[in-house]
Amino acid sequence: MSDQKDIKIVGAPAGIEGQGFFATKLDEVVGLARANSLWPLPFATSCCGIEFMATMAATYDLARFGSERMSFSPRQADMLLVMGTIAKKMAPILRQVYEQMAEPRWVIAVGACASSGGVFDTYSVLQGIDKVIPVDVYVPGCPPRPEQILDGILTLQDIVKNESVRRRSSPEYQELLASYNIT
Ligand code: SF4
């Protein structure tokens, strides 16, 4: 059993500290809260999904990063994890799931298939989910090990922590969604 002293908690955001006060930016506080409570929606269609199951289980324990709360309802999740080969017939479903998620929402393409179609360069397989939805983080590998999936989630946490609360209503973000025909 590990000692109590081994337990680490999330560090305070950057700010100004004095006797009896701590001041920081709203962006920092919101980013800290969002990054450490990302609720995953696992969209798993094949083998990479098994690696994600291992990532959730005791040895790798995704709960350490505040993401143990799975959601199979898009409206109660903010981190879409796409794991597996996505057939072109499945693409509209994936897109619908993404559209049903409330803002702010983030996407991780887990593994070669979700990132680029993987070895399946065929007529029926989508050559990367970024053909239909925007992706924030790509995790390489076929399959990626649980450590790589964790690394992808930690990378996303950094992105979330540093995202301005205004980003979702910015013209750049609207432009990104418009490029995917998403309103
Ligand atoms: S990347 Fe490899 S392990 Fe993952 S779904 Fe594709 S074929 Fe399976």
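This is a short dialogue on reading the fold of a predicted model.

Biologist: Which elements does the protein have, and in what order do they run?

Modeller: There are six helices and six strands. From the N terminus on, the order is β-β-α-β-α-β-α-β-α-β-α-α.

Biologist: How are strands of a sheet held in pairs?

Modeller: Strands pair through backbone hydrogen bonds, either parallel or antiparallel. Here, four strands make an open sheet, ordered E3-E4-E5-E6, with parallel pairing.

Biologist: Which strands stand at the edges?

Modeller: Strand E3 (40–44) and strand E6 (137–139) do. Each has a single partner strand, so one side of each is left without a neighbour in the sheet. From one strand to the next, the twist averages 20°.

Biologist: How many bridges join strand E5 to E6?

Modeller: Three bridges link E5 (residues 106–110) with E6, and the two run parallel. To find one of them, start at Val 110: its bridge partner in E6 is Val 139.

Biologist: What does helix H5 touch on the sheet?

Modeller: Helix H5 (residues 146–161) packs against strand E4 (79–83), E5 and E6. The directions of H5 and E5 make an angle of about 155°.

Biologist: Now the whole chain. How do I read its radius of gyration?

Modeller: Set it against the globule rule. The rule gives 16 Å for 183 residues, and the protein has 18 Å, which is close, so it is as compact as a globular protein of that length. The C-alpha trace spans about 65 × 50 × 25 Å along its principal axes.

Biologist: What share of the residues count as buried?

Modeller: The share is 27% of the 183 residues. As for contacts with a separation of 6 or more, 76% come from residues 24 or more positions apart.

Technical notes
Residues numbered from 1 in each chain as written. Predicted model: local features only at pLDDT ≥ 70, side-chain atom pairs only at ≥ 80, totals over all residues. Pairing = 2+ DSSP bridges. Axes fitted to C-alpha atoms, helices over the stretch in contact; angles between N-to-C directions. Contact = placed C-beta atoms within 7 Å. Rg over C-alpha atoms; globule rule 2.2 N^0.38 Å. Buried ≥ 20, exposed ≤ 12 C-beta atoms within 10 Å, placed from the backbone.
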